[in-house]
Structures are given as C-alpha cells and as structure tokens.
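I opened the model to look up a few helices and two single residues. My notes follow in the order I took them.

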Amino acid sequence: MSSSVICVGELLIDFFCTDLDIDLVDGKNFEKQAGGAPANVCAAIVKLGGSAAFCGKVGDDPFGHFLRKTLEGLNVDTSMIVLDKEHPTTLAFVSLKGNGERDFVFSRGADAFLSEEELDKDKLKQFNMLHFGSATALLDDPFQSAYLNAMRTAKEAGKFISFDPNFRKDLWAGRNQTFVDLVKKGLALSDFVKVSDDELKIITDMNDVTKGVSSLHEMGVRAVAVTLGKEGTFVSNGQNQDTVKSIKVHSIDSTGAGDAFVGAMLFQLGIEEDPRRMLSDFEYLKKIIFFSNKVGAMVCTKVGAISAIPNLFEAVAAE
C-alpha cells in the first residue's frame with residue numbers, strides 16, 4: 001500500500017536570490033522556484049514513492065500555471081488546486097545568509113482567498129491522511145476558516161491528521177498570542193505534530209522541551225516531533241520519549257528541510273494499514289524519525305526546497 005496524503009495550504013513562487021551570503025536589500029539576481037510548505041511536503045512524499053495531492057489556491061496567471069505544472073511533473077494530484085482570476089499568485093523573495101539561514105519577504109496573493117465553498121469535502125474524505133502545514137493559512141479569513149474547518153471535517157471522518165504550525169515571525173509580528181490561540185485549535189484535532197524547538201517555546205511558553213511536549217499531549221496530540229537542527233529530533237508518543245540523532249551534513253540552505261522531514265514521516269506512516277496505531281509503537285516511531293531526519297538533512301545540502309529532496313534510494317543510502 002502506498003501513502004495517500006492530501007496537503008492543504010499555500011502554493012507559491014519562491015524567488016531565490018542567487019547572490020549568496022547577502023540579504024534582500026542588496027540582492028540583485030533571483031531564480032524562480034516552486035514553494036510553499038504543504039507543496040514541499042507533497043513533493044517529498046511522491047519523490048520517496050508515495051502518492052499525494054495538493055489543495056490550495058493560486059492565481060490564474062503564468063506563475064500559477066507554472067506551479068501547477070511543476071507539481072504535475074512530480075505526479076502530485078493537482079485536481080484540488082483552485083485558479084483565482086482576481087488575485088495574483090503569492091510570491092516569496094528569499095536570500096541565503098552564510099550560516100544557511102534565510103532572509104525572506106512575502107507578497108501575499110491568491111492563497112489567502114481559498115474559501116470553504118471551494119473545498120471538495122467529498123474528495124478530502126477519500127484520502128487516508130491529511131496534512132496541514134501552511135505558514136499563511138491561519139492569518140486571515142476566508143482561508144483561516146476554510147483551513148480549520150477542513151481539519152474538523154477530516155477529524156469527524158476519522159482521518160489521520162498531521163499538523164505543522166509553521167510559525168513565521170515576520171508574518172505574526174505583534175500577534176504571537178493570536179497565532180498561539182489558533183494553533184491550539186489545530187493541535188486538539190491532530191494525531192501527529194511537528195514543531196521546531198522555538199515553535200514549542202512560543203506555543204507552550206515553556207523552555208523545557210519535555211514539559212512543552214507534555215503540554216501538547218494534554219491538548220490531544222498523540223505523537224510529537226520537535227526538530228532540533230543538527231542535534232536531531234526529540235520524539236514523544238505520550239508514553240515514551242527520546243532524542244533521535246541525525247546524520248552530519250554541510251548545510252547550505254535549510255529551506256524546506258522541515259517540510260521534507262514531515263513528508264518522509266507521512267510517506268512511512270502511509271504505508272501502514274493503521275498509521276494512528278503505529279504511533280504507539282515507540283521503536284517503530286524512532287526508526288521512521290531517523291529516516292526522516294536523514295531526508296531533512298539531505299535537503300540542507302542543496303539550494304532550493306523541492307529540487308533538493310532525495311528519492312528513496314538516495315535517502316536509504318545516505319549515512
């Protein structure tokens with residue numbers, strides 16, 4: 001059985017500055033690439049050998065058509081992509097600093113206007129697993145309501161729900177508490193949650209990872225993965241917890257690494273007949289976390305998100 005996952009959220013154009021180790025103020029040369037966290041997750045799933053669909057909204061413009069064509073080229077199901085004739089495709093401008101971190105600016109467009117009426121809820125129910133990992137979905141209506149209600153629909157249908165809050169400080173400047181309040185609604189509906197250590201502190205207001213993760217379990221989350229960069233991933237299923245190491249790499253660009261990690265997790269869980277039950281098998285959970293760590297680390301060794309994702313053979317062979 002191959003994984004069958006639908007990813008809901010933003011699909012956008014990343015304009016990467018090809019002038020390395022420079023910020024957007026001084027950058028002059030940019031390269032167009034497909035981006036958006038949920039789209040990156042889709043790409044990771046299919047490149048590893050699973051099946052995935054994307055649900056979101058792009059402009060009915062050259063950028064929107066490029067994005068749909070890119071996902072179709074990867075064999076991602078694009079039947080739930082909505083083309084917006086009134087709003088342009090969302091853009092993000094990204095430059096890379098010497099330490100592998102990013103400087104980026106959003107130019108928000110069509111993704112913000114996906115409404116609940118445009119969701120094919122019957123099709124949502126056909127998928128075994130749904131992933132919600134949009135950085136922009138919780139910002140404003142109508143997308144905010146459509147996003148949260150899609151999670152509720154999936155929960156009511158008994159589907160496996162994966163959630164990545166995907167906090168971006170520039171998007172939520174001065175509104176952190178609003179972000180936390182909205183994220184908690186998603187956490188209460190989720191089976192598997194991936195957060196960074198910084199996101200865990202923001203959401204729980206706790207500096208201790210163990211206590212912060214316990215707080216997420218109390219909200220209803222079955223399994224939590226806290227990514228710790230080169231230190232690996234702290235994982236807990238409510239009964240057991242451990243830190244799973246990653247492989248050592250020379251990081252060039254961290255863009256999409258967390259999304260690739262999630263895609264690798266969902267690819268592996270999707271192979272299982274009952275992915276929700278497998279979360280209680282801690283040895284199995286650690287095993288798939290280690291593989292996902294490898295996939296995420298490998299993405300950091302190249303520029304770009306989707307283009308840097310390894311296939312299954314490359315990921316298995318990596319040491």
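**Entry 1: H4.** I began with what the buried residues of H4 pack against. They pack against strand S1 (4–8), H3, strand S8 (129–132), strand S9 (160–163) and helix H5 (176–187). This is a predicted model, so I read every value here as computed from it. I then listed the buried residues of H4: Phe143, Gln144, Ala146, Tyr147, Leu148, Ala150, Met151, Thr153 and Ala154. Next I checked the length of helix H4 (residues 143–156). Its 14 residues should span 20 Å at 1.5 Å a residue, and the end C-alpha atoms are 20 Å apart, so the two agree. After H4 comes glycine 158, and I noted its positive phi, near 75 degrees.

**Entry 2: lysine 123.** I stayed with H3, since H4 packs against it. Lysine 123 sits in helix H3 (residues 121–124). Is lysine 123 buried or exposed? Its relative accessibility is 19%, so I count it as buried; the cut-off is under 20%. Beyond its neighbours within four places in sequence, I found lysine 123 in contact with Asp77, Ser79 and Met80. I also took one distance: the C-alpha atoms of lysine 123 and phenylalanine 192 are 22 Å apart, with their positions 69 residues apart along the chain.

**Entry 3: H6 and H7.** I looked up how helix H6 (residues 197–204) packs with helix H7 (residues 209–218). The angle is about 60 degrees and the axes lie 10 Å apart. H6 and H7 are therefore oblique to each other. Their crossing is left-handed. On the H6 side, Leu200, Ile203 and Thr204 make the contact; on the H7 side, Val209, Gly212, Val213, Ser215 and Leu216 do. By class I get 5 nonpolar, 3 polar and no charged residues in this contact.

**Entry 4: H8.** I checked helix H8 (residues 257–271) for length too. It has 15 residues and reaches 22 Å from its first C-alpha to its last, close to the 21 Å expected at 1.5 Å a residue. I then asked how many residues of H8 are buried. The count is 13 of the 15, so H8 is largely enclosed by the rest of the structure.

**Entry 5: alanine 308.** I finished in the loop between helix H10 (282–299) and helix H11 (312–317), where alanine 308 is found. Its relative accessible area is 4%, so alanine 308 is buried. Not counting residues up to four places away in sequence, alanine 308 touches Met298, Val299 and Lys302. I also noted that 9.6 Å separates the C-alpha atoms of alanine 308 and valine 295, which are 13 residues apart along the chain.

Key:
Residues are numbered from 1 along each chain as its sequence is written. This is a predicted model: local features need pLDDT of at least 70, side-chain atom pairs count only at pLDDT 80 or more; totals for chains, interfaces and linings use all residues. Side-chain values use heavy atoms; hydrogens and water are left out. Helices (H or I, at least four residues) and strands (E, at least two) are DSSP runs, numbered from the N terminus. The expected span of a helix is 1.5 Å times one less than its number of residues. Buried means under 20% relative accessible area, exposed over 50%, partly exposed in between (1.4 Å probe, protein chains only). Axes are lines fitted to C-alpha atoms, for helices over the stretch in contact, and angles run from 0 to 180 degrees between N-to-C directions. Angles under 35 degrees count as roughly parallel, over 145 as roughly antiparallel, 65 to 115 as roughly perpendicular and the rest as oblique. A crossing is left-handed if the near helix is turned anticlockwise from the far one by less than a right angle, and right-handed if clockwise. Contact means heavy atoms within 4.5 Å. Ala, Val, Leu, Ile, Met, Phe, Trp, Tyr, Cys and Pro count as nonpolar, Asp, Glu, Lys and Arg as charged, and the others, Gly among them, as polar.
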